[in-house]
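Me: I am new to reading protein models and would like to work through this one slowly, with the reasoning spelled out. Could we take it step by step?

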Amino acid sequence: MNIIPIYFLKEKILEVNSGMQGIDYINLVQLIYQLKLKEMQEHRREKNVYWVTDLVRCPLKRYYEITYPELITSQVFTPPFIQGDLIHKGLERLLKEAFPEGKVSVEVEGGKEVVLPDGKKVTVEGRADAIISSDDEKIGVEIKSLRSDVGIPLDHHVDQVRAYNWLFNLSYSILIYVTPERITQYMVSDKFSEGEVIERILSNKAPRYPWECTYCPYSVLCPNKVTSK
Ligand code: SF4
């Protein structure tokens, strides 16, 4: 048996944008890394833009992402996230194949302007995993891959979907979970009101959920970190 760790081979890098430069071997790990890095670089924070995820999680994370952007660079390559991305891509492709051409859009980006009580205008931006369109309605699809099915559907996922229903004016969304124990789906028709969006933007409840600090890259410097014994 001849098994060679790829990193020992002389590199001819597969570049994401310019096509293959050489095919002595294909470094798939590097390809995934470069794709993730590119995606992260394309989604830089802007001061007057709030992402949908900002509305459903600890508000301090947005502040830290703007102030210490380099601190999350290492998050670009975490196996659970990459596994989740690959599941997303697979399901998105399945949707494309299952519906007639033009009926399904994937990774749909959108934004809506809201005016805060002090008159400041900000934009809320989000990216829906998929939107299925018929003649008279639009239905969202939000894909979640988790390591466990305990407690699903999770509150912050339902809130995220409610925010997408508002942002994209969806009739409802399907929240689908892929876990080792269960693959199941929930229909969420409720949506955020603009008042609720503004309330979330102005919220200073940090963390929003106590468990967030355990997985937070900013816990190394955050005075609000919730600790346990
Ligand atoms: S450590 Fe906790 S409180 Fe601080 S930013 Fe992270 S999630 Fe928020």
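Me: Which residue in S8 does valine 178 stand opposite?
Reply: This is a predicted model, and in it six bridges join S7 to strand S8, residues 183-188, the two running antiparallel. S7 and S8 form a hairpin with four residues between them. Across this pair, the residue of S8 that valine 178 stands opposite is isoleucine 183.

Me: In which sense, parallel or antiparallel, do S6 and S7 pair?
Reply: S7 also has S6 as a partner, and seven bridges link the two strands. One place to look is glycine 140, whose bridge partner in S7 is serine 173. Whereas S7 and S8 run antiparallel, the sense in which S6 and S7 pair is parallel.

Me: What is the handedness of the β-α-β unit that S6, H4 and S7 make?
Reply: The helix of this unit, H4, covers residues 155-167, and the loop between strand S6 (138-145) and H4 holds proline 153. On the other side of the helix, the loop between H4 and strand S7 (172-178) holds asparagine 169. Taken together, S6, H4 and S7 make a β-α-β unit that is right-handed.

Me: Which residues make up the covered face of S7?
Reply: The strand has two faces, and the uncovered one consists of Tyr172, Ile174, Ile176 and Val178. Val178 is thus on the uncovered face, and this valine is the residue opposite isoleucine 183 in S8. The covered face is made up of Ser173, Leu175 and Tyr177.

Me: Which residue is joined to proline 153 by a cis peptide bond?
Reply: Proline 153 is found in the loop between S6 and H4. The bond in question has an omega of about 0 degrees, and the residue it joins to proline 153 is isoleucine 152.

Me: And which residue is joined to proline 207 by a cis peptide bond?
Reply: Proline 207 lies in the segment after helix H5, which spans residues 194-202. Here too omega is given as about 0 degrees, and the residue on the other side of the cis bond is alanine 206.

Me: Is asparagine 169 buried or exposed?
Reply: Asparagine 169, in the loop between H4 and S7, has a phi near 55 degrees, a positive value in a residue other than glycine. To judge its surroundings we count C-beta atoms, and a residue with 12 or fewer others within 10 Å is called exposed. Because asparagine 169 has 12 other C-beta atoms within 10 Å, it is exposed.

Me: What is the phi of glutamate 107?
Reply: Glutamate 107 lies in strand S4, residues 104-115. This glutamate is exposed, because 12 other C-beta atoms lie within 10 Å. Although glutamate 107 is not a glycine, its phi is positive, at about 50 degrees.

Me: How far apart are the C-alpha atoms of isoleucine 66 and arginine 45?
Reply: Isoleucine 66 is in helix H2, residues 59-67. Leaving aside neighbours within four places in sequence, isoleucine 66 is in contact with Arg45 and Lys47. Although isoleucine 66 and arginine 45 are 21 residues apart along the chain, the separation of their C-alpha atoms is 6.1 Å.

Me: Which residues come nearest to the ligand?
Reply: There are 14 residues around the ligand. By class, this shell has nine nonpolar, two polar and three charged residues. Those that come nearest are Cys58, Cys213, Cys216, Cys222 and Asn224.

How values were computed
Residues numbered from 1 in each chain as written. Predicted model: local features only at pLDDT ≥ 70, side-chain atom pairs only at ≥ 80, totals over all residues. Near = placed C-beta within 6 Å. Nonpolar A, V, L, I, M, F, W, Y, C, P; charged D, E, K, R; others polar. Buried ≥ 20, exposed ≤ 12 C-beta atoms within 10 Å, placed from the backbone. Contact = placed C-beta atoms within 7 Å. Pairing = 2+ DSSP bridges. Right-handed = clockwise from strand over helix to strand, strands pointing away.
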